[in-house]
Amino acid sequence: MNVLRVSKWTIALFVLPCLLLYVCFVFVPILVSLYSGLLDWNGIGESKFIGLDNFKQMLFHDAVFWPAVKRTLMFAVVSMCIQIPLALFLAILLNRFVKKPNFLVSSYFLPAILSVVVIGQLWKTIYNPASMGGMLNQVLESIGLQSWTHSWLTDPSVAMYSLYFVAVWQFLGYHTLIQFTGIQNIPSDIYEAAKIDGAEGLKADWHITLPMNIPIIKISIVLAFIGSLQSFDLIMVMTGGGPAHATDVISTVMYNMSFLSMKYGYGSSIAAFLVVLCLVATFFINLIFNRLERKYT
């Protein structure tokens, strides 16, 4: 018991510095943001306590806010429903058919380590009109699909879909690496035993790979969902929330209100809403996947 007691204190001693840093740089700013959301403040001068007026304005009177919430949730749904299944499919193919897949996995991962500014400028150039050297429109025209050409980032009807594609492309390799690592950790003995019983290929993937990879899939989905809710930098680089607020998401509305309109209190209330949304989403994703883990393990 003395050994165990000493071990616990030792663990606490090593955890304490990181815990203090986490509290100082995560929990304290969240509490400050919640309090700032109760103020009428421009971020510089004197502040005035107005209670829940900012939250009432945000929820019931802001014409920009709820469309931005809808786009943010759509961003998250696209990431989960397209990015994660595609990443899992690529990881299965790499694990099964490529003998030395490390180079391919690293190649897929490359966009995730590039600067968002570089990626945004790259895709802005690709999406440019053909007259301005836009590669996508030039390719469509060269193969006789002129009717498919668009002003991809300035047409409100397609601008958000253009951003979805870039986000999926950017983080596909990141989630492929996560899924590939999870699949490689599944013991090969299980597949060999299943093969003897006649289960291989898609059947083995359905009954072995998917159930045993559920904890890794959960990690990918949480990262993709929360990352999409917090999406900001790519949108600011490529569209700035335009045209006519067509690509505004929660974080860009928060930025515009806090630093452009000088309504720091109101921007803090939007930030508080975003924090709550992330916590609620994480809770329900964990709840669903914990049930799946209990079912298949």
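**Questions on a predicted model**

Trainee: Which word fits Ser33, buried or exposed?
Mentor: The relative accessibility of Ser33 is 17%. Buried means under 20% relative accessible area, exposed means over 50%, and partly exposed is in between, with a 1.4 Å probe and protein chains only. Ser33 therefore counts as buried.

Trainee: What kind of model is this?
Mentor: Residues are numbered from 1 along each chain as its sequence is written, and side-chain values use heavy atoms, with hydrogens and water left out. Local features need pLDDT of at least 70, side-chain atom pairs count only at pLDDT 80 or more, and totals for chains, interfaces and linings use all residues: this is a predicted model.

Trainee: Which residues does Ser33 touch, leaving out those up to four places away in sequence?
Mentor: Ser33 has its place in helix H1, residues 2-36; helices are DSSP runs of H or I with at least four residues, numbered from the N terminus. A contact means heavy atoms within 4.5 Å. By that rule Ser33 touches Ser268, Ala271 and Ala272.

Trainee: Which residues are the closest to the centre of the largest pocket?
Mentor: A pocket is found on a 1 Å grid over the protein atoms alone, as an open set of points where a 1.4 Å probe fits, with protein on both sides within 12 Å along at least five of seven lines; lining residues have an atom within 4 Å of a point. The volume is the space filled by probe spheres set on the points, which are joined across faces, edges and corners, and for the largest pocket it is about 490 Å³. Of the 19 residues in the lining, the closest to the centre are Val26, Ile30, Gln230, Val275 and Cys278.

Trainee: How many charged residues does the lining of the largest pocket have?
Mentor: H1 and helix H13 (264-296) each supply at least two residues of this lining. Ala, Val, Leu, Ile, Met, Phe, Trp, Tyr, Cys and Pro count as nonpolar, Asp, Glu, Lys and Arg as charged, and the others, Gly among them, as polar. The lining has 16 nonpolar and three polar residues, and the number of charged ones is none.

Trainee: How many residues apart in sequence are the parts tied together by Asp205 and Arg96?
Mentor: A salt bridge is a side-chain nitrogen of Lys or Arg within 4 Å of a carboxyl oxygen of Asp or Glu, and the count here comes to two. One joins the side chains of Asp205 and Arg96 at 2.6 Å, N to O. Asp205 lies in helix H9 (residues 202-212) and Arg96 in helix H3 (residues 65-97), so the parts tied together are apart in sequence by 109 residues.

Trainee: Which word fits Lys218 in its salt bridge with Glu293, buried or exposed?
Mentor: The side chains of Glu293 and Lys218 meet at 3.5 Å, N to O. Glu293 lies in H13 and Lys218 in helix H10 (residues 214-229), so the pair ties together parts that are 75 residues apart in sequence. Glu293, at 21% relative accessibility, counts as partly exposed. At 16%, Lys218 counts as buried.

Trainee: Which helices do the buried residues of H9 pack against?
Mentor: The buried residues of H9 are Ala204, Asp205, Ile208, Thr209 and Pro211. Asp205 counts as buried at 9% relative accessibility. These residues pack against H3, helix H7 (159-184), helix H8 (188-196), H10 and H13.

Trainee: Why is the pair of Phe283 and Phe284 given the class it has?
Mentor: Rings of Phe, Tyr and Trp (its six-membered ring) pair if their centres lie within 6.5 Å; planes under 30 degrees apart count as stacked, over 60 as edge-to-face and the rest as tilted. The count comes to 16 aromatic pairs, among them Phe65 and Trp66, at 5.1 Å centre to centre and 70 degrees between the planes. The rings of Phe283 and Phe284 have centres 5.3 Å apart and planes at 80 degrees, so the pair is edge-to-face.

Trainee: What is the approximate omega of the cis peptide bond between Gly242 and Pro243?
Mentor: Most residues other than glycine have a negative phi, and most peptide bonds are trans. Pro243 is in the loop between helix H11 (233-238) and helix H12 (250-260). His245 lies in the loop between H11 and H12 and has a positive phi near 65 degrees. The bond that joins Gly242 and Pro243 is cis, with an omega of about -5 degrees.
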